[in-house]
Amino acid sequence: MGDSGSDSDDIGEFSFQSEAMFEYDEQNGLRAFAKFVCSTQVPPKMVEDADFRELARRFNPSINISVKMVESECLIFYEESKLRIKEFLVNFEGQISLSLEILKYYNYRDYLCLSAHFIEGNWKMKKLVLHFRSASDPEDKSSDNFHCRDWGIVKLLENWGIKDKISTFIMTSGYGSVADCLESQIQGNKDIALNGCLFRRFHVRCCGETVSLMVQEAFDKIKDIIDKVRALSSSAKSLPLWNHTIFDLQQALKLWSMGEYSTKEMTKLDKPCPSPDEWKKVEGVCKIVGSIYEVSTALFETKHLTANVFLYHLHEFREILTQMTMQSDGFIRTIAEAMLKRLAKYWDEMFLLLAITAALDPRFKMKYVEFVCSKVKGDANAQVLAVWGAIQKQFDAYVILFPEKETFPSDSSSSDSDSEGESPIPWQVNHIFSVLQDYHQCIQSSNQPTKKSELDYYLEEPVLPWSQKFSALTWWKTTGAKYPTLSRMARDFLSIPISLATSYDAFYTEPRPVDEHMIRLKPDLANALMCTRSWYRALKEY
């Protein structure tokens with residue numbers, strides 16, 4: 001306990017003893033509300049809401065904040081925050097991956113959302129929006145760059161000061177020319193080029209989109225039947241989410257099996273009812289897609305989705321579809337074969353990257369790579385060697401860029417050079433035995449101690465027991481000091497986004513809809529809010 005004076009000072013900030021303490025500062029109040037708008041989903045026009053104004057006046061009867069004032073302050077806060085984010089990214093030592101998602105406002109307008117993905121020093125995954133704009137809004141001056149081959153992305157990266165840090169690029173399909181242009185302008189400038197030895201291309205393919213296309217193709221085979229099923233329940237067309245469709249079909253199958261949709265009854269109601277054969281097709285599609293859904297949920301709803309978990313989920317997809325192709329039902333077999341063909345194409349394009357990231361998971365390492373290669377058609381040994389060669393090549397590049405002191409003991413054992421041997425010859429011999437010289441050189445080279453690297457030690461250690469709750473980020477955070485160079489490599493590879501969308505959004509069969517509140521704002525304000533709302537947590541920690 002302190003004296004009475006100090007006690008009075010401690011509680012003074014919670015009392016009403018000082019009127020000056022509660023003197024309202026309009027500029028500070030405006031600033032605080034603008035920061036609130038920039039970090040939450042509250043729109044600037046909230047200041048015009050009657051209930052909000054009543055609440056605000058209870059704190060200060062003379063408050064006078066307009067929407068225009070809030071918007072202006074939001075733009076100021078954005079510019080100030082951007083300087084801090086830019087400083088962080090410029091000083092960031094790791095690699096950064098880019099994602100460019102095309103968002104839709106119905107079929108009226110496209111919006112571009114460019115984001116940076118990386119794992120910061122404390123092993124936390126970060127996704128920061130760098131730019132948001134309309135692709136064709138005449139009021140948005142930056143949309144003029146949409147007509148450039150690279151959509152103005154390279155210039156944006158140069159302004160951010162991170163062009164040389166970009167490792168990979170993932171975007172909505174159908175825009176391959178943009179990825180090609182970015183690859184030619186960015187890839188050649190990197191110290192660690194994630195080029196042909198890792199991927200066939202700089203452009204990473206979106207896993208979520210591939211799965212959605214597989215499922216949608218299956219639904220297309222029974223499109224007319226799905227229309228009949230929807231007519232039976234008189235339900236409106238749902239959102240373009242394939243998990244909604246499978247739920248509806250499974251529920252309809254359940255009702256049909258209970259006799260709810262008898263043909264006679266539906267005929268009286270003048271509603272087309274699927275025939276028994278059609279219900280059988282629905283049942284088959286539900287069996288396939290239902291299995292895909294279970295694995296997709298386990299994948300996309302992972303709390304910390306990192307690149308290392310994709311390979312074994314895709315392997316599970318492959319096993320499911322392979323089993324389905326062995327079904328006696330020709331209709332189901334045809335659908336499974338088509339889905340497997342699309343998955344195989346994605347597998348071929350992405351296998352090397354997914355295998356490398358899986359090897360950086362201590363539950364898998366090269367053991368799982370060897371296992372999966374033995375299960376998939378092709379030359380297993382060649383595939384394993386390709387993965388190992390790519391990992392070794394990348395690790396060697398990191399060793400050169402980030403040299404570390406020797407931390408692992410040498411495996412060699414030294415011997416005394418003066419150990420007992422033959423008795424010395426009592427007379428002088430002047431002849432030089434060249435064959436012995438060659439022999440000693442050969443012995444010396446073969447006896448050189450084999451120096452093991454961090455990568456060697458990591459891969460030699462036993463794999464960890466399987467755990468569904470395992471977090472690669474947590475493991476590398478706690479164990480990374482043992483592998484300082486390899487952990488840098490792991491940080492860069494695990495942060496690569498393999499899917500544009502995760503969780504609920506991964507089930508869209510069309511480009512995701514843009515937030516309608518955003519498109520009602522002026523272009524510069526919409527960009528400011530999209531960016532600062534993704535920066536908020538990073539700014540608090542920086």
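**Exercise 1. Strand 1 and its partners**

Task: Find the residue of strand 4 that stands opposite Leu 98, and describe how the strands around it pair.

Solution.
1. Opposite Leu 98, in strand 4, stands Phe 169. Strands here are DSSP runs of E with at least two residues, helices are DSSP runs of H or I with at least four, and both are numbered from the N terminus. The model is predicted, so local features need pLDDT of at least 70 and side-chain atom pairs count only at pLDDT 80 or more, while totals for chains, interfaces and linings use all residues. Residues are numbered from 1 along each chain as its sequence is written, and side-chain values use heavy atoms, with hydrogens and water left out.
2. Strand 4 covers residues 166-171 and pairs with strand 1 in the parallel sense, over 4 bridges. Two strands pair if DSSP finds at least two bridges between them. Ile 96 stands opposite Ile 166 of strand 4.
3. Ser 99 faces two strands: it stands opposite Ile 170 in strand 4 and opposite Ser 115 in strand 2.
4. The pairing of strand 1 with strand 2 (residues 109-119) is antiparallel and runs over 9 bridges. Their hairpin has 3 residues between the strands, and Tyr 106 there takes a positive phi near 50°.
5. Of the 10 residues of strand 1 (residues 96-105), 8 are buried, so the strand is largely enclosed by the rest of the structure. Buried means under 20% relative accessible area, exposed over 50%, and partly exposed in between, with a 1.4 Å probe and protein chains only.

**Exercise 2. The whole sheet**

Task: Which order do the 5 strands of the open sheet have, and which strands stand at the edges?

Solution.
1. The order is 3-2-1-4-5, and the pairing is mixed.
2. Strand 3 (125-134) and strand 5 (203-204) are the edge strands; each has a single partner strand, so one side of each lacks a neighbour in the sheet.
3. Helix 4 (residues 67-91) packs on this sheet and touches strand 1, strand 2 and strand 3, with a direction about 125° from that of strand 3. A contact is a pair of heavy atoms within 4.5 Å.
4. At the other end of the order, strand 4 and strand 5 pair in the parallel sense over 2 bridges, and Phe 169 stands opposite His 203. Strand 4 is mostly covered, as 6 of its 6 residues are buried.

**Exercise 3. Helix 11 and two neighbours**

Task: How do helix 11 and helix 13 pack, and at what angle does helix 11 cross helix 12?

Solution.
1. Helix 11 (residues 276-300) packs against helix 13 (residues 330-359) at an angle of about 30°, with the axes 9 Å apart. Helix 11 is therefore roughly parallel to helix 13. The axes are lines fitted to C-alpha atoms, for helices over the stretch in contact, and angles run from 0 to 180 degrees between N-to-C directions. Angles under 35 degrees count as roughly parallel, over 145 as roughly antiparallel, 65 to 115 as roughly perpendicular, and the rest as oblique.
2. The crossing of helix 11 and helix 13 is right-handed, meaning that the near helix is turned clockwise from the far one by less than a right angle, with anticlockwise being left-handed.
3. Residues making the contact include Gly 284, Val 285 and Ile 288 of helix 11 and Ile 332, Ile 335 and Met 339 of helix 13. The contact residues divide into 8 nonpolar, 1 polar and 1 charged. Nonpolar covers Ala, Val, Leu, Ile, Met, Phe, Trp, Tyr, Cys and Pro; charged covers Asp, Glu, Lys and Arg; the others, Gly among them, are polar.
4. With helix 12 (residues 310-324), the axis of helix 11 comes within 10 Å and crosses at roughly 175°. That makes helix 11 roughly antiparallel to helix 12.
5. Among the residues of this contact are Ile 288, Ile 292 and Leu 299 of helix 11 and Phe 310, Phe 317 and Leu 321 of helix 12. They belong to a set of 11 nonpolar, 3 polar and 2 charged residues.

**Exercise 4. Two single residues**

Task: Is Val 47 buried or exposed, and which residues does Thr 210 touch?

Solution.
1. Val 47 is in the loop between helix 2 (26-39) and helix 3 (50-59). Its relative accessibility is 2%, so Val 47 counts as buried.
2. Leaving out residues up to four places away in sequence, Val 47 touches Phe 33, Phe 52, Arg 53, Ile 65, Ser 66, Val 67 and Val 70. The C-alpha atoms of Val 47 and Ser 66 are 6.5 Å apart, although 19 residues separate them along the chain.
3. Thr 210 lies in helix 7 (residues 207-220) and is buried, at 12% relative accessible area. With the residues up to four places away not counted, Thr 210 touches Arg 342 and Tyr 346.
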